[in-house]
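Please open the structure in your viewer and keep the sequence panel beside it, since this tour moves from one selection to the next. At each stop you will be told what to select and what to look for there.

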Amino acid sequence: MFFSKKRQEEIISSNVETIIGAGTFIQGDIVSQGSVRVDGRYNGDIKIKGDLIVGDKGYIEGSIEAKNVSVSGELNGNVLTKGKVEINGSGKVTGDLNVKNLIIDDGAIFKGNCVMDFAPQNNAYSAEEVAK
C-alpha cells in the first residue's frame, strides 16, 4: 500500500538529524553521517551519508552528495546520489544529476543533464558472478 506524499514526508522527516529552519540563512559546507532537511536558505556544498530534504520554502545553492534527495523547494547545483532524486510538484532543480533513479512530479521544473547509473560500480557484479 502506498502512503500519501504528506505521510511519506512525515516518515522521512522523523529520521532527520539536522534541520535548517525557515527564516534561517547559512553559508558554508555541511558534512554529516545523517540526514539533513533545509527549510531556510543555504549556500554551500552538502556531503552527507543520509537523505537530503529541501522543503517547500527551502533554497540551496551548492553541490550535493547524498543517499537520496527530495526537492519541494529550489536547488541550484549538481547532485550525486547512490539512490534517487525526487523533484516534487513545487520543486525546481537547476544543475546536473548523477542518480540511480529519478522521479519528476507534474509541475516540477528540472533544468540540466541527468546520468542514470543503474548499476553503480560498488554494487556491480563481476563477469564470474554473472556467469553463475
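Two strands are said to pair if DSSP finds at least two bridges between them. Helices (H or I, at least four residues) and strands (E, at least two) are DSSP runs, numbered from the N terminus. What you have open is a predicted model, in which local features need pLDDT of at least 70 and side-chain atom pairs count only at pLDDT 80 or more, while totals for chains, interfaces and linings use all residues. Residues are numbered from 1 along each chain as its sequence is written, and side-chain values use heavy atoms, with hydrogens and water left out.

**The whole chain**

Begin by selecting the protein chain, whose secondary structure comes to two helices and 18 strands. Of its 132 residues, 37% count as buried, where buried means under 20% relative accessible area, exposed over 50%, and partly exposed in between (1.4 Å probe, protein chains only). The chain exposes about 8,200 Å², and carbon and sulfur atoms supply 51% of that area, which is computed by the Shrake-Rupley method with a 1.4 Å probe.

**A sheet from strand 1 to strand 16**

Next, select strands 1, 4, 7, 10, 13 and 16, which form an open sheet of six strands in that order, with parallel pairing. Its edges are strand 1 (18-20) and strand 16, each of which pairs on one side only. On average, neighbouring strands here are turned by 5° against each other, direction ignored; the angles are taken between N-to-C directions, from 0 to 180 degrees, using axes that are lines fitted to C-alpha atoms.

Now follow the pairing across this sheet. Strand 7 runs parallel to strand 10 and is joined to it by three bridges, and V54 stands opposite V71 in strand 10. Three bridges also join strand 10 to strand 13 in parallel, where the bridge partner of V71 is I87. Strand 13 is then joined to strand 16 (residues 101-104) by four bridges, again running parallel, and K84 has N101 in strand 16 as its bridge partner.

**A sheet from strand 3 to strand 18**

Select strands 3, 6, 9, 12, 15 and 18, an open sheet of six strands in that order, also with parallel pairing. Strand 3 (30-32) and strand 18 (114-116) are the edge strands. Within this sheet, strand 12 (residues 79-81) and strand 15 (residues 97-99) pair over two bridges, with L80 opposite N98.

**The nonpolar core**

Which residues have the most contacts inside the largest nonpolar core? Select I46, L52, I60, I64, V69 and L75, which belong to this core of 22 residues. A nonpolar core is a set of buried Ala, Val, Leu, Ile, Met, Phe, Trp, Tyr and Cys residues joined through side-chain atoms within 4.5 Å. Among the elements that give two or more residues to it are strand 4 (36-38), strand 6 (46-48) and strand 7 (52-54).

**G62 and a charged pair**

Move to G62, in the loop between strand 8 (59-61) and strand 9 (64-66). Is G62 buried or exposed? G62 counts as buried because its relative accessibility is 13%. The C-alpha atoms of G62 and D45 are separated by 4.7 Å, although these residues are 17 apart along the chain.

Finally, select D39 and R37, whose side chains meet in a salt bridge (2.9 Å, N to O). A salt bridge is a side-chain nitrogen of Lys or Arg within 4 Å of a carboxyl oxygen of Asp or Glu, and by this rule the count comes to one. Both D39 and R37 are buried.
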